[in-house]
Each structure stands twice: as C-alpha cells, then as structure tokens.
Amino acid sequence: MIRVLLADDQSLVRAGFKALLDAQADLEVAGEAADGDEALRKVRALRPDVVLMDIRMPVLDGLAATRRITGDQELKDVKVVMLTTFELDEYVFEAIRSGASGFLVKDTEPDELLRAVRAVVEGDALLSPGVTRRLISEFAARSKEPAAAGLLGRLTEREREVMALVGIGLSNDEIARRLVVSPLTAKTHVSRTMVKLGARDRAQLVVMAYESGLVRPGWLG
C-alpha cells in the first residue's frame, strides 16, 4: 500500500485528490495538511511514501517545507511531488534542486496523477507530460553556475551519454530508442548512474547534469 500525504491550503483540492487516491486498491491518503508547517509535522509523524505538496501555502510555503523534508536524513525515503497551478511556475526548478522528485500541474488528468504517485515510489522523476523540456529550458538558466565536472569522472562514457539524455528530459524508452538499446538496458544505465553519483532520484540526476556542465540550458537534443 502506497501512503500519500496531501498538503494544500484549498480543502476542495485536497478532497478531490483524496477521493481519487482512496478509490485505488494500492493507494491510501495517510493524512492532510493545510500549510507547509502542518505538512512537515505530519510527515514526521506519519512517514508517508509520497507527499503531494502545493508550492504556495500559508505559514510555511511548499518549497521551504520540501527543503526541510529532503534535508532530514530520517525522512530520506519520503518522496515529494510539488503541485502548481501553472505549467511553468517560477519556483518549480528550484523545488527540484531542493530535493523534490518532480512536479504536477493541478489540472493533470486523473490517470496521470495515479501513474505519477506510483512512479516516484519506484524512484522515477515526475514531470508533467509535455512540459518537461519547457521546464528544463526555462529554469535551468536560473540555476547556479555549473560546478566542477569532477563527479563525471565516476561515470563511463555511456553513463555520461545517458545522463545527458536524462538531463534533456528523455524517458527510459526514449533513451533506448536514441541509443538503440532495450528499455531495460537504458533503465539499468540510469540506475547505475544514479548510484554512482548518489542521486536521490531521477529529478536530482537532471539537476546534476546541469550543475556539472554536462548539459547546458537551451540544449534540448
């Protein structure tokens, strides 16, 4: 059973998500929060698998709450998915850099929301279909300057290639087609790259691809 915490200051939004999630055999809503501070307290008390976290909330915003969750070693298994009203929110890329496993727009189709919750539990990044490349293009330029590329020395040439493709927003299936390998092989390369770099999940691998200078803003392959 995948346990989800809903953090949103709009009760109607929480009610809609709760009805959808609780109707699934493998999902349940473990708790709800109306602001970031309450979300943080409930994450510590309930230890959900996934937090659906609104970015803009009173008391403590979702971005600050996410930093505290992902920065707490005791909560390292909790995945955070940021929720936004707009496809291109000015805080989204910073949220991913802070450790969120991705983001969804609130008008995402129900089936996509369910797939998303299951995906992040498996370690996949969650970026709404159709906006991944736009997100990277818009916000990578606002991230900090590329750091020394020393961490890339841990990777094989193929792993660097795979990391670059992850960085431009390709899925495992798309990477497999680009490299003419099986999806399983592509997934294995991605997983090994994440392990070598100590990446929390695929979203963090995207950030590392930019911060190492392996991928540059505006290069969408």
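Where does M1 lie relative to β1? M1 sits in the segment before β1, a strand that covers residues 2-7. This is a predicted model.

**The start of the chain**

M1 is exposed, because its relative accessible area is 60% and exposed means over 50%. Despite that, M1 has partners farther along the sequence. Leaving aside its neighbours within four places in sequence, M1 is in contact with A25, D26, L27, E28 and D49. Take D49 from that list. M1 and D49 are 48 residues apart in sequence, and their C-alpha atoms are 9.3 Å apart in space.

**Two helices side by side**

Helix α2 spans residues 36-46, and helix α3 spans residues 62-70. Their axes come within 9 Å and cross at roughly 20 degrees. That makes α2 roughly parallel to α3, because angles under 35 degrees count as roughly parallel. The crossing of α2 past α3 is right-handed. Which residues of α2 and α3 make the contact? From α2 come G36, L40 and V43. From α3 come A65, R68 and I69. Sorted by kind, the residues of this contact are 4 nonpolar, 1 polar and 1 charged.

**Two nonpolar cores**

How many residues does the largest nonpolar core have? It has 23 residues. Those with the most contacts inside this core are M163, V166, I175, V190 and L205. Four helices each supply at least two residues of the core: α7 (157-167), α8 (172-179), α9 (183-197) and α10 (202-211).

V190 gives a view of the surroundings. Neighbours within four places in sequence aside, V190 is in contact with V162, V166, N172, I175, R202 and L205.

Apart from the largest core lies another, of 21 residues. Among them are A7, L40, M53 and A64. L40 also belongs to the contact of α2 with α3.

**Two loop residues with positive phi**

Most residues other than glycine have a negative phi. V59 and V180 each have a positive value. Here are the two.

| Residue | Place | Phi | Relative accessible area |
|---|---|---|---|
| V59 | loop between β3 (50-54) and α3 | near 65 degrees | 69% |
| V180 | loop between α8 and α9 | near 55 degrees | 73% |

Are these two residues buried or exposed? V59 is exposed. V180 also counts as exposed.

Technical notes. Residues are numbered from 1 along each chain as its sequence is written. This is a predicted model: local features need pLDDT of at least 70, side-chain atom pairs count only at pLDDT 80 or more; totals for chains, interfaces and linings use all residues. Side-chain values use heavy atoms; hydrogens and water are left out. Axes are lines fitted to C-alpha atoms, for helices over the stretch in contact, and angles run from 0 to 180 degrees between N-to-C directions. Angles under 35 degrees count as roughly parallel, over 145 as roughly antiparallel, 65 to 115 as roughly perpendicular and the rest as oblique. A crossing is left-handed if the near helix is turned anticlockwise from the far one by less than a right angle, and right-handed if clockwise. Contact means heavy atoms within 4.5 Å. Ala, Val, Leu, Ile, Met, Phe, Trp, Tyr, Cys and Pro count as nonpolar, Asp, Glu, Lys and Arg as charged, and the others, Gly among them, as polar. A nonpolar core is a set of buried Ala, Val, Leu, Ile, Met, Phe, Trp, Tyr and Cys residues joined through side-chain atoms within 4.5 Å. Buried means under 20% relative accessible area, exposed over 50%, partly exposed in between (1.4 Å probe, protein chains only).
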